[in-house]
Every structure is written in structure tokens, then in C-alpha cells.
Amino acid sequence: QVQLVESGGGLVQAGGSLRLSCAASGSIFSIGDMGWYRQAPGNQREMVAQITSTDSTNYSGSVKGRFTISRDNAKNTVYLQMNSLTPEDTAVYYCNAGVRTRYRSTYSNYWGQGTQVTVSS
């Protein structure tokens with residue numbers, strides 16, 4: 001019913017920048033909180049950044065000041081601008097969103113398929 005599709009990952013040198021995008025599609029009535037998570041090999045998935053429907057944001061300590069999350073509600077899209085990247089940022093990045101569909105009165109949690117970000121030293 002709802003799909004989240006990430007794009008924008010890739011290989012970048014340390015100190016470089018990338019911009020991730022995640023577009024939600026399907027039978028969407030409204031979208032609540034959206035966020036980005038990442039998972040490096042051997043590690044658990046961790047929260048990177050979150051944004052509410054009223055544009056309040058929250059960042060993990062390791063990315064605060066370097067990453068910026070934003071959203072375009074007209075496009076059902078959330079973005080993650082990543083600057084000053086380091087090899088420690090290498091991971092698969094996943095988009096997450098709380099979505100209310102046209103068929104239910106409650107919000108359900110959806111995940112994208114992930115996009116690889118690799119930062120070389």
C-alpha cells in the first residue's frame with residue numbers, strides 16, 4: 001500500500017557531501033514523523049535524524065552540525081543533506097515514515113529498502 005524509495009547514496013571521499021532523498025508513494029492519507037536510520041556492518045540500526053510533521057528535528061550526537069534533515073510535504077519526500085562526511089558514516093541508510101493510509105485511521109511504520117553510503121579516507 002505504501003512504498004518508500006531512497007536515492008542519492010554512493011561513494012564519496014572524506015570531507016565530501018551527499019544528499020539522500022526518500023519519496024513515499026501509494027495510498028497515502030497523511031504522513032507523520034519521518035526519519036533516517038543507518039546500519040553499518042556488524043552494528044545495530046541507529047537513528048540518524050528525525051523530523052516531525054511540524055518540522056521539529058532531532059539528530060544523533062554523531063551527526064549533529066554536519067547533517068540536515070528536511071521534508072517536502074507536497075512531494076511526500078524527506079531529505080538528508082550530509083556534509084563533512086567521514087569513513088565512520090559508511091553504512092546503509094534507511095528511510096522511515098509513519099503513514100496513515102486512506103484505508104485506516106491509525107498510522108503505521110514503513111521502511112525503505114536502504115541506500116548504501118560509502119565514505120573513503
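How many bridges join E3 and E8, and in which sense do the two strands pair? E3 and E8 pair over six bridges in the antiparallel sense. Strands here are DSSP runs of at least two residues, labelled E and numbered from the N terminus, and two strands pair if DSSP finds at least two bridges between them. The structure is a predicted model, in which local features need pLDDT of at least 70 and side-chain atom pairs count only at pLDDT 80 or more, while totals for chains, interfaces and linings use all residues. Residues are numbered from 1 along each chain as its sequence is written, and side-chain values use heavy atoms, with hydrogens and water left out.

The pairing of E3 and E8 belongs to an open sheet of four strands, in the order E1-E3-E8-E7, with antiparallel pairing. At the edges are strand E1 (2-7) and E7, each of which pairs on one side only. On average, neighbouring strands of this sheet are turned by 15° against each other, direction ignored; the axes behind this value are lines fitted to C-alpha atoms, for helices over the stretch in contact, and angles run from 0 to 180 degrees between N-to-C directions. In general, strands of a sheet pair through backbone hydrogen bonds, either parallel or antiparallel.

Some individual partners help to place the strands. Within the pairing of E3 and E8, Leu 20 has Leu 80 in E8 as its bridge partner. E1 is joined by six bridges to strand E3 (residues 18-26), and the two run antiparallel. Across from E1, Gly 26 in E3 stands opposite Val 2, Ser 25 in E3 stands opposite Gln 3, and Ser 21 in E3 stands opposite Ser 7.

The side chains of E1 can be followed from one residue to the next. In a regular strand the side chains alternate between the two faces of the sheet. Along E1, Val 2, Leu 4 and Glu 6 point to one face and are buried, whereas Gln 3, Val 5 and Ser 7 point to the other and are not. Buried means under 20% relative accessible area, exposed means over 50%, and partly exposed lies in between (1.4 Å probe, protein chains only).

Charged side chains offer a second view of the model. Side chains of opposite charge can pair when their charged atoms come close. With a salt bridge defined as a side-chain nitrogen of Lys or Arg within 4 Å of a carboxyl oxygen of Asp or Glu, the count comes to three. Arg 38 and Glu 46 meet in one of them, at 2.7 Å from N to O. Arg 38 counts as buried at 6% relative accessibility, while Glu 46 counts as partly exposed at 36%. Arg 38 also meets Asp 89 in a salt bridge, at 2.9 Å from N to O. Arg 38 lies in strand E4 and Asp 89 in the loop between strand E8 (77-82) and strand E9 (91-101), so this pair ties together parts that are 51 residues apart in sequence.

Asp 89 forms a further salt bridge with Arg 66, where the closest N and O atoms are 2.8 Å apart. This pair links distant parts of the chain, 23 residues apart, with Arg 66 in the loop between strand E6 (57-59) and strand E7 (67-72). Both Arg 66 and Asp 89 are buried, and the relative accessible area of Asp 89 is 1%. Leaving aside neighbours within four places in sequence, Asp 89 is in contact (heavy atoms within 4.5 Å) with Arg 38, Arg 66, Phe 67, Ser 84, Val 117 and Val 119. Arg 38, Glu 46, Arg 66 and Asp 89 are thus a network linked by salt bridges.

Aromatic rings complete the picture. Rings of Phe, Tyr and Trp (its six-membered ring) pair if their centres lie within 6.5 Å, with planes under 30 degrees apart counted as stacked, over 60 as edge-to-face and the rest as tilted. A search of the whole structure finds one aromatic pair. Tyr 37 and Trp 111 form this edge-to-face pair, with 5.0 Å from centre to centre and 65° between the planes. Tyr 37 lies in strand E4 (residues 28-39) and Trp 111 in strand E10 (residues 108-111), so the pair ties together parts that are 74 residues apart in sequence. Tyr 37 is buried, with a relative accessible area of 17%, whereas Trp 111 counts as partly exposed at 36%.
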